[in-house]
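Grab a pencil and work through these exercises with the model open beside you. Try each task on your own before you read its solution.

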Amino acid sequence: MDKDFAARRRRDLIIAAVLTALAALAPLFIKDVYVQNILILTLMYAALSQSWNILSGYCGQISLGHALYFGIGAYTTELLFTKFGVLPWFGMLAGGAVAAAIAMGLGYPFFRLRGHYFVIATIVIAEIGLLLFQNWEWAGAAMGITIPVRGDSWLKFQFMRSKLPYFYFALVLCSLAWFVTWWLEDSKWGFWWRAVKDNAEAAESLGVVVFNSKMGAAAVSAFLVAIGGAFYAQFLAYIDPESVMGFQFSLLMALPAVLGGIGTLWGPVLGAAILIPMTELTRSYIGGSGRGVDLIVYGTLIVLISLALPQGLVSLFSRAKRKGATR
């Protein structure tokens with residue numbers, strides 16, 4: 001391994017450990033429930049965007065249908081819990097496995113598509129999934145599922161008195177998604193994915209099994225997103241098709257990575273740290289007028305940042321590093 005690359009990876013791991021420790025201490029100083037809610041959503045979307053980035057950023061297969069896997073994770077967990085009494089912890093794993101299996105099943109025909117055809121296919125299949133759940137009576141159809149809450153319980157992953165358990169689970173999920181990405185980045189799969197993204201034909205000529213590498217990326221990405229969906233369902237204690245499978249979820253998974261730096265380790269985290277609080281604050285403080293002012297401000301900021309930094313916010317750090325090296 002290149003010494004500079006190895007040093008960078010060690011540095012990234014140390015920075016991640018420090019940031020995780022600091023984040024774990026945040027609730028000691030932040031008592032406001034509204035701010036805690038923003039932190040939980042920020043960590044959740046950082047994890048979701050990191051998971052999306054595995055398939056779309058590293059492997060180059062841009063998906064705008066990941067809301068399907070998010071919803072499958074939520075519905076699998078809550079159907080097992082409400083219908084059969086299966087604890088959410090096991091439901092999360094089952095939801096992740098179901099989502100990964102569906103991702104590979106869909107990948108078999110879809111990975112033969114390229115470019116915008118693949119993107120359109122992911123949008124269409126997610127909308128089909130939304131319509132199916134809206135009409136599936138056993139799963140509550142459009143009325144959804146209300147999760148019975150009977151006090152605080154780690155066993156059933158339900159909490160009424162405090163949001164802190166949800167915060168710490170979201171922090172663990174975000175750390176897990178980051179660490180999985182960090183580990184895969186230097187694995188055989190990580191090199192395969194970057195090769196496929198750059199030039200699939202050239203990668204195949206060098207012995208990369210392109211189809212299998214795409215399927216692996218889809219499975220890992222879908223599994224982690226489904227875990228996020230299961231967490232979100234427990235956090236809300238209610239789900240319906242639109243609240244966990246709406247197209248906005250696919251966008252909110254993609255935007256932090258695009259804003260922070262697609263195909264990078266820190267891009268999704270950095271993008272989520274800016275995008276999600278900005279979304280919640282603009283909605284809260286200027287969204288009540290009913291005129292869509294919050295969406296205008298929010299959209300304008302995204303466009304300005306994207307125009308100024310087309311390679312994402314992480315490019316700021318690489319620029320600073322290059323300037324420091326030239327001095």
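Helices (H or I, at least four residues) and strands (E, at least two) are DSSP runs, numbered from the N terminus. The model is predicted, with local features needing pLDDT of at least 70 and side-chain atom pairs counting only at pLDDT 80 or more, while totals for chains, interfaces and linings use all residues. Residues are numbered from 1 along each chain as its sequence is written, and side-chain values use heavy atoms, with hydrogens and water left out.

**Exercise 1. Find where Ala 141 lies, and say what its phi is.**

Step 1: Look in the loop between α5 and β1 (145-146), and there you'll find Ala 141.

Step 2: Check the backbone angle. Most residues other than glycine have a negative phi. Ala 141 has a positive one, near 50°, and it is not a glycine.

Step 3: Check the surface. Buried means under 20% relative accessible area, exposed over 50%, and partly exposed in between (1.4 Å probe, protein chains only). Ala 141 has 7% relative accessibility, so it counts as buried.

Step 4: Now try Ala 237, in the loop between α9 (210-236) and β2 (238-239). Its phi is positive too, about 65°, and again this is not a glycine.

**Exercise 2. Work out what holds around Ser 250: is it buried or exposed, and which residues does it touch?**

Step 1: Place Ser 250 in helix α11.

Step 2: Its relative accessible area is 1%, so Ser 250 is buried.

Step 3: Look for polar contacts (a pair of N or O atoms within 3.5 Å; within protein, one must be able to donate a hydrogen and the other to accept it, and residues adjacent in sequence count only if both atoms are side-chain atoms). The side chain of Ser 250 reaches the backbone oxygen of Leu 64 at 3.3 Å. A polar atom of that side chain also lies 3.0 Å from the backbone nitrogen of Ala 67.

Step 4: List the contacts (heavy atoms within 4.5 Å). Leaving out residues up to four places away in sequence, Ser 250 touches Leu 64, Gly 65, His 66 and Ala 67.

**Exercise 3. Do the same for Thr 77: which helix is it in, and which backbone oxygen does its side chain reach?**

Step 1: Thr 77 sits in helix α3 (residues 67-84).

Step 2: With a relative accessible area of 0%, Thr 77 is buried.

Step 3: Its side chain reaches the backbone oxygen of Gly 91, at 3.2 Å.

Step 4: Setting aside neighbours within four places in sequence, Thr 77 is in contact with Pro 88, Gly 91, Met 92, Ala 230 and Gln 234.

**Exercise 4. Check the spans of helices α11 and α1 against what you'd expect.**

Step 1: The rule is 1.5 Å times one less than the number of residues.

Step 2: Helix α11 (residues 247-260) has 14 residues, so it should span 20 Å; the end C-alpha atoms are 21 Å apart, which agrees. After α11 comes Gly 261, with a positive phi near 140°.

Step 3: α1 has 23 residues and reaches 33 Å from first C-alpha to last, close to the 33 Å expected.

Step 4: Phe 5, Ala 6, Arg 9, Asp 12 and Ala 16 are the buried residues of α1, and they pack against α6.

**Exercise 5. Hunt for empty space: how many cavities of 30 Å³ or more does the structure hold?**

Step 1: Get the terms straight. On a 1 Å grid over the protein atoms alone, a cavity is a set of points where a 1.4 Å probe fits but cannot get out; a pocket is an open set with protein on both sides within 12 Å along at least five of seven lines; lining residues have an atom within 4 Å of a point. Grid points are joined across faces, edges and corners, and a volume is the space filled by probe spheres set on the points.

Step 2: There are two such cavities, and the largest has a volume of about 120 Å³.

Step 3: The largest cavity is lined by 14 residues, with Ser 63, Tyr 69, Phe 110, Phe 118 and Thr 122 nearest its centre. The elements giving two or more residues to that lining are α4 (88-110) and α5 (116-134). α4 provides the largest share, four residues.

Step 4: Move to the second largest pocket, which holds about 510 Å³ of space. It has 20 lining residues, and Leu 19, Ala 23, Leu 43, Cys 174 and Val 269 are closest to its centre.
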